Amino acid sequence: MDKGKQKTKNPPLGIKIISIYVVIIFILNLLTTSSLSSSPDIIILVFAALITISIATTLWKGYNKARIMVLIFSSLGILNNLINLFLLKKSLLYPLISIILLIPIIWYLGFNKEAKTFFSQNIKK
């Protein structure tokens, strides 16, 4: 079997880091939100947790749909933080840190050869 066509069983380090980052950011956002007093809030939170864990695990496994979802959510995150930074003129620290963290994720998942190879090898035909 040609070396370039071998199936990758373990994800590259960057994919592992991004998968863990997705879960950590969800937990941090959960801890910084206001208290959940009503049952609809709890239902939404459980639903968001399931989606977050699903995205992180499918990204780790190399599913291209998860890669696309992370690229979309990261792009929307940058857009949201740019709006907060320039239009709302709230705190500068959080939007800047978020943008600095999201740009490498978009670059890695969208343009890095190792990541593109990993996801292309795991596409189901």
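**View 1. Val70 and its neighbours in the nonpolar core.** In this predicted model, Val70 touches Ile18, Ile55, Leu59, Ile105 and Leu109, leaving aside residues up to four places away in sequence. Val70 belongs to the largest nonpolar core, a set of 19 residues. Those with the most contacts inside this core are Val70 itself together with Ile15, Ile18, Leu59, Ile105 and Leu109. Five helices each supply at least two of the core residues: H1 (13-32), H2 (39-61), H3 (64-88), H4 (93-111) and H5 (113-121). The most comes from H4, which gives 5 residues. As background for this view, nonpolar side chains in soluble globular proteins tend to be buried together.

**View 2. The whole chain, for orientation.** Here is the setting for the close-ups. The secondary structure comes to 5 helices and 0 strands, and the order from the N terminus on is α-α-α-α-α. Of the 125 residues in the protein, 31% are buried. Take the contacts between residues at least 6 apart in sequence: 69% of them join residues at least 24 apart. The accessible surface comes to about 9000 Å², and carbon and sulfur atoms account for 71% of that area.

**View 3. Helix H3, from end to end.** How far apart are the end C-alpha atoms of H3? They are 35 Å apart, which agrees with the 36 Å that 25 residues should span at 1.5 Å a residue. The buried residues of H3 are Ala66, Arg67, Val70, Leu71, Ser74, Gly77, Ile78, Asn81, Asn84 and Leu85, so you will meet Val70 from the opening view again here. Just past the helix comes Lys89, with a positive phi near 50°.

**View 4. A nonpolar patch on the surface.** Which residues make the nonpolar surface patch of about 1000 Å²? They are Ile68, Met69, Ile72, Phe73, Leu76, Leu79, Leu82, Ile83, Phe86, Leu87 and Leu88. One of them to pick out is Ile83, a residue of helix H3. Its relative accessibility is 35%, and because partly exposed covers values between 20% and 50%, Ile83 counts as partly exposed.

**View 5. Helix H4 and its buried residues.** The 19 residues of H4 should span 27 Å at 1.5 Å a residue, and the end C-alpha atoms are 27 Å apart, which agrees. Buried along H4 are Pro95, Ser98, Ile99, Leu102, Ile105, Ile106, Tyr108, Leu109 and Gly110. Ile105 and Leu109 also appear among the contacts of Val70.

**View 6. Thr52 in helix H2.** Is Thr52 buried or exposed? This residue of helix H2 has a relative accessible area of 13%, and since buried means under 20%, Thr52 is buried. Not counting residues up to four places away in sequence, Thr52 touches Val22, Val23 and Phe26. For a distance to check on your own screen, try Thr52 and Ile27: they lie 25 residues apart in sequence, with 9.8 Å from C-alpha to C-alpha.

**View 7. Tyr63, between two helices.** Where is Tyr63 found? It sits in the loop between H2 and H3. With a relative accessible area of 35%, Tyr63 is partly exposed. Another pair to display is Tyr63 and Phe119, which are 56 residues apart along the chain, while their C-alpha atoms are separated by 6.3 Å.

Notes: Residues numbered from 1 in each chain as written. Predicted model: local features only at pLDDT ≥ 70, side-chain atom pairs only at ≥ 80, totals over all residues. Heavy atoms only, no water. Core = buried A, V, L, I, M, F, W, Y, C linked by side-chain atoms within 4.5 Å. Buried < 20%, exposed > 50% of the residue type's maximum accessible area, 1.4 Å probe, protein only. Helix = DSSP H or I, 4+ residues; strand = E, 2+ residues; numbered from the N terminus. Contact = heavy atoms within 4.5 Å. Patch = residues over 30% accessible without salt bridge, like charges linked within 9 Å, V, L, I, M, F, W, Y side chains within 5 Å. Areas by Shrake-Rupley, 256 points an atom, 1.4 Å probe, with all protein chains shown as cover. Salt bridge = Lys/Arg side-chain N within 4 Å of Asp/Glu carboxyl O. Expected span 1.5 Å × (residues − 1).
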